[in-house]
Amino acid sequence: MQLSLCQKCYFIKGYKNAAIYDLNNNKVYSINEYGKYLIDAVITNTNIALSKKDLEYLDKLKDLKLLTENINYNNNLLIERNSIGIEFAWLELTDLCNLRCIHCYGEFGNSVINKSRILSINDWKEIIDKLLDIDCKNIQLIGGEPLMHKDFMEILDYSHKKGFKRIDLFTNGTLIDETIAKKLGRYNINVRVSVYGHNPVVHDSITKVNGSFEKNRRGLELLKKYSVNTSIAIIIMKENEAYLDEIKKYIESIGHKYSGYDVVRPTCFESHQKHAISNINILKSRYNTRPVFHTSEKDFIRNHFYNSCWNGKIAITSCGDVLPCIFSRNDIVGNIKADNEDYLKNEIIKKWSITKDNIEVCKDCEYRYCCHDCRPLAIGIYGNMFSKYPRCCYNPYTGIWEEISECTKELNNKSNKMR
Ligand SMILES: C[S@@+](CC[C@H](N)C(=O)[O-])C[C@H]1O[C@@H](n2cnc3c(N)ncnc32)[C@H](O)[C@@H]1O
Ligand code: SF4
Ligand code: SF4
């Protein structure tokens, strides 16, 4: 018997196991070692002897509409390498900051940037025009603290007038006043506000500035008053890991929506690794600990050619340096003023093109086209751009999902050394 994969179903082999990506339903099915060899045999070979168990197994896959007797579907989605442009840009307006957060990847506020390199308001306007010219429709105004930029309002007005599809603002919330809040609401800006604690003791011990909690809370009240689309960015680290429930209740008590948290990422500053959290339950929710993967036609194709996180994104810093993302501080691909467009384009595409096929361990994993990635995290933890995605407990060589205590060993060793 020869069978074929149904249309838009893809069989991806890992070192030990395999997966079928069903792009009709956006599902990813895990296939064990037995299934891997059986499926491989029936889709490539007409003359194989099948046992009763084999036939039952294959029937189940036929019922799920993954395999069919109508052979030779043309599953050629992957022939064309889709070209891709910039879809999202972080505009890091300033490296100034009124807070001194202990975990901050940029050490913003302790500026070492030569003032002569800082982009002018006209530079930012040109960048905004250029982004729209090349069809980038989504930007995030960030920093440092973006509201510390002396021309913040002008940049906001200009970006709004130009008609981006989506403008985000990432802020510590302390500088939001009535005028700003009103405008953010009127312009339909998506505001993301960082919160670290449910009271001044916890929050201010992280921002290192007394009074920052109260100002942040006032900012959140104003955003509420003017019905601004607001989301809360909670970053959990050693210093606030005990208070996650209280922080959640606090956010809800002031009328905002709790939408989860992120955990602190090791930065290029080794000293920051002492903030790594130790609560396994908190860590667990940010890790791949079981095979719950989803896919889509767009993601499946893209992940073959481009990095699942970096693709289509760039970050531009306050002095015009271009990075693949805000976390990859040491990965400057060029400068918007000093380098020509073609050069920058080529360099950024090289970063986007780091797929899981290039990454140690992941390259042998059947989930490599549906799994998230974060290269700055790999560099922060293993010091290597091509190391396995660190927040993952799967071992594709054994097919075993390891205990989280095993897969966080490297991070723990590092942070223990720093404590
Ligand atoms: C760098 S700040 C810039 C915007 C603004 N100043 C603020 O604090 O929201 C953007 C976000 O990055 C987060 N962040 C900074 N360092 C981080 C790290 N090492 N790991 C995870 N998130 C970090 C901050 O907590 C904040 O939520
Ligand atoms: S407020 Fe934002 S930019 Fe400033 S130190 Fe804190 S995280 Fe960094
Ligand atoms: S991170 Fe790598 S090893 Fe883990 S599931 Fe994803 S592709 Fe597989």
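## Three ligand shells, three domains and a buried core

Ligand 3 has 13 residues around it, and Cys-362, Cys-365, Cys-371, Tyr-389 and Cys-392 come nearest; here a residue is taken as near a molecule or strand if its C-beta atom, placed from the backbone, lies within 6 Å of it. This is a predicted model, in which local features need pLDDT of at least 70 and side-chain atom pairs count only at pLDDT 80 or more, while totals for chains, interfaces and linings use all residues. Residues are numbered from 1 along each chain as its sequence is written, and chains are lettered from A and ligands numbered from 1 in the order in which they are written.

### The shells around the ligands

The table sets out the classes of the residues in each shell, where Ala, Val, Leu, Ile, Met, Phe, Trp, Tyr, Cys and Pro count as nonpolar, Asp, Glu, Lys and Arg as charged, and the others, Gly among them, as polar.

| Shell | Nonpolar | Polar | Charged |
|---|---|---|---|
| Ligand 1 | 8 residues | 7 residues | 3 residues |
| Ligand 2 | 5 residues | 5 residues | 2 residues |
| Ligand 3 | 9 residues | 1 residue | 3 residues |

Around ligand 1 there are 18 residues, of which Tyr-105, Asn-172, Ser-194, Ala-233 and Arg-265 come nearest. Strand E7 (138-143), strand E8 (166-171) and strand E10 (229-236) each supply at least two residues of this shell; helices (H or I, at least four residues) and strands (E, at least two) are DSSP runs, numbered from the N terminus. The residues that surround ligand 2 include Cys-97, Cys-101, Cys-104, Gly-143, Gly-144 and Asn-172.

One of the residues that come nearest to ligand 3 is Cys-371, which lies in the loop between helix H11 (341-352) and helix H12 (375-382). Cys-371 counts as buried because 20 other C-beta atoms lie within 10 Å; the rule is that a residue is buried if 20 or more other C-beta atoms, placed from the backbone, lie within 10 Å of its own, exposed if 12 or fewer, and partly exposed in between. If residues up to four places away in sequence are not counted, Cys-371 touches Asn-288, Phe-293, Ser-308, Lys-356 and Tyr-389, where contact means that the C-beta atoms of two residues, placed from the backbone, lie within 7 Å. Lys-351 is 20 residues from Cys-371 along the chain, and the C-alpha atoms of these two residues are separated by 17 Å.

### Strands and cores

Strand E7, which was met in the shell around ligand 1, has 5 of its 6 residues buried, so this strand is largely enclosed by the rest of the structure. Strands E6 and E7 run parallel and are joined by 6 bridges, given that two strands pair if DSSP finds at least two bridges between them. Within this pairing, Trp-90 stands opposite Gln-140 in E7. Strands E7 and E8 also run parallel, joined by 4 bridges, and Ile-139 stands opposite Ile-167 in E8.

A nonpolar core is a set of buried Ala, Val, Leu, Ile, Met, Phe, Trp, Tyr and Cys residues joined through C-beta atoms within 7 Å. The largest one holds 57 residues, of which Ala-89, Leu-91, Leu-141, Leu-184 and Val-191 touch the most other members. Strand E6 (residues 88-94) gives the most to this core, with 4 residues. Leu-184 is in contact with Leu-169, Ile-189, Val-191, Tyr-226 and Val-228, leaving aside its neighbours within four places in sequence. Another core lies apart from the largest one and has 33 residues, among them Ile-39, Ala-378, Ile-379 and Tyr-394.

### Domains

The protein chain is divided into domain 1 (4-68), domain 2 (88-352) and domain 3 (356-418), with bounds that come from an automatic or database domain assignment. Between domain 1 and domain 3, the C-alpha centres lie 27 Å apart, and 11 residues of domain 1 are in contact with 10 residues of domain 3. On the side of domain 1 that touches domain 3, strand E2 (9-13) and strand E3 (18-22) each supply at least two residues, and the largest share, 3 residues, comes from E3. The residues of that side divide into 6 nonpolar, 2 polar and 3 charged.

### Two residues with positive phi

Most residues other than glycine have a negative phi. Lys-65, however, has a phi near 60°; Lys-65 is found in the loop between helix H2 (52-63) and strand E5 (67-68), and counts as partly exposed because it has 14 C-beta neighbours inside 10 Å. Ser-227 has a phi near 50°, again a positive value in a residue other than glycine, and is found in the loop between helix H7 (212-225) and E10. Ser-227 is exposed, with 12 other C-beta atoms within 10 Å.
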